[in-house]
Amino acid sequence: MKRSILLLPGLAIILAGLLLSCAARSTKDPAVMLQWASEEFSSKDDPLAAEEFLQQALEVYRKKMDRLGLAETYRQYGLFLRSNAVSKFHKHYNTVGFLDESVKFTNRYQKAVEYLVKAQEIFEENKKYDTLSTVHISLAKTYAHLNRTQEACDSLTKGMASYNAFKKTNPDMKEFHAEEVADYEEYIGILRKQLSCPAEAPVEERKAEKKAEPEPKKETPSHSVGSPQ
């Protein structure tokens, strides 16, 4: 997505350097674009180049009608908007803005949620539980920025459920995690403590409560319900 902008003093030199940086790396593979975008905003602190790659990936995946490709791009866009790299460029974004013109610096966390939710819906449709679990954790961290603690805690619960669903279908999976945590469940527990989430009942207790609940009356459905959109 291209647009004309009025350059502020000194900004022309910065943008010229960024354009040269983008021009130095060119690919038609949207997966590579997303890899480069992630590098730019997570380790190189160059959010301007990152969003260029994200926009390019979006365009390619939309033309291909690749839903899973779009989902991964939405996920990366959410992470981009929540990144420290974007925060460091607050002067640029308050004057020039984002390539996605619906995003403002002041609403970037809310827009990050919107992108992550779109990714979540597609991964749910396709039962991609491994990636879905990471999306839920990213949502939890983003909700925390917005002081929406209950939604953050709920997302962590969903993240654990998605991970368990993935493990159930991949029992021989080898779990990779940081050295300072024992496993994925402990990591979720650490995040729940940081957010002061209420303690969850043990699995056996939750199962017992579910069995004790009265079964709802069965009704003949008037129409079939499709996958979430």
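User: What caps the N-terminal end of H4 in this model?

Analyst: A cap is a side chain that reaches the backbone at a helix end, and here Asp66 does it for H4. One of the side-chain oxygens of Asp66 lies 3.3 Å from the backbone nitrogen of Leu68. Keep in mind that this is a predicted model.

User: Okay, and how do I check the length of H4 against what a helix should span?

Analyst: Use 1.5 Å a residue: the 16 residues of H4 should span 22 Å, and the end C-alpha atoms are 23 Å apart, which agrees. You can try H9 the same way: its 21 residues should span 30 Å, and 31 Å separates its end C-alpha atoms, so that agrees too.

User: How many residues of H4 are buried?

Analyst: Buried means under 20% relative accessible area. In H4, 13 of the 16 residues are buried, so the helix is largely enclosed by the rest of the structure. For the whole protein, 38% of the 229 residues count as buried.

User: Let's step back. How many helices and strands are there?

Analyst: Eleven helices and zero strands. Reading along the sequence, you just get α again and again: α-α-α-α-α-α-α-α-α-α-α. For how the chain folds back on itself, look at contacts with a separation of 6 or more: 60% of them are between residues 24 or more positions apart.

User: Which residues have the most contacts inside the largest nonpolar core?

Analyst: That core has 49 residues, and the ones with the most contacts inside it are Tyr74, Tyr77, Phe80, Leu81, Tyr93, Phe98 and Leu156. Several helices give two or more residues to this core, including H2 (30-42), H4 (67-82), H7 (108-125) and H9 (149-169). H3 gives the most, with eight residues.

User: Can we zoom in on Phe80? What is Phe80 in contact with, leaving aside neighbours within four places in sequence?

Analyst: Phe80 is in contact with Phe41, Pro47, Ala50, Glu51, Leu54, Val86, Tyr93 and Phe98. Phe80 counts as buried, at 0% relative accessibility. Its partner Phe41 is buried as well, with a relative accessible area of 7%.

User: And how do I describe two aromatic rings that pair up?

Analyst: You give the distance of the centres and the angle of the planes. A search of the whole structure finds eight aromatic pairs. One of them is Phe41 with Phe80: 6.0 Å centre to centre and 65° between the planes, so it is edge-to-face, since over 60 degrees gets that label. Phe41 lies in helix H2 and Phe80 in helix H4, so this pair ties together parts that are 39 residues apart in sequence.

User: Which residues form one aromatic cluster with those two?

Analyst: Tyr74, Tyr77, Tyr93, Phe98 and Tyr115 join Phe41 and Phe80 in one cluster.

User: What lies over the face of Tyr74?

Analyst: That would be Lys118, at 4.4 Å from the ring centre. You can see another charge over a ring at Phe105, where the charged end of Arg108 sits 3.9 Å from the ring's centre.

User: What do the buried residues of H9 pack against?

Analyst: They pack against H8 and H10. Among the buried residues of H9 are Ala152, Leu156, Tyr163 and Phe166.

User: Is Thr134, over in H8, buried, exposed or partly exposed?

Analyst: Partly exposed, with a relative accessible area of 33%. Thr134 sits in helix H8 (residues 129-145). Its side chain reaches the backbone oxygen of Thr131 at 2.6 Å. Beyond residues up to four places away, Thr134 touches Arg75 and Tyr184. Sequence distance and space are separate things: Thr134 and Tyr163 are 29 residues apart in sequence, and their C-alpha atoms are 8.6 Å apart.

User: How about Gln120: buried or exposed?

Analyst: Buried, with a relative accessible area of 13%. Gln120 is in helix H7, and its contacts, apart from neighbours within four places, are Leu132, Val135, His136 and Leu139.

User: Last one: where do I look for an unusual phi?

Analyst: Most residues other than glycine have a negative phi. Asn147 has a phi near 60°, a positive value. You'll find Asn147 in the loop between H8 and H9, exposed at 67% relative accessible area. Ser196 also has a positive phi, near 60°. Ser196 is in the loop between H10 and helix H11 (203-212), and is exposed at 63%.

Technical notes
Residues numbered from 1 in each chain as written. Predicted model: local features only at pLDDT ≥ 70, side-chain atom pairs only at ≥ 80, totals over all residues. Heavy atoms only, no water. Helix = DSSP H or I, 4+ residues; strand = E, 2+ residues; numbered from the N terminus. Buried < 20%, exposed > 50% of the residue type's maximum accessible area, 1.4 Å probe, protein only. Contact = heavy atoms within 4.5 Å. Polar contact = N/O pair within 3.5 Å; in protein donor to acceptor, adjacent residues only side chain to side chain. Core = buried A, V, L, I, M, F, W, Y, C linked by side-chain atoms within 4.5 Å. Phe/Tyr/Trp six-rings, centres within 6.5 Å; stacked < 30°, edge-to-face > 60°. Lys NZ or Arg CZ within 6 Å of the ring centre and 35° of its normal. Expected span 1.5 Å × (residues − 1).
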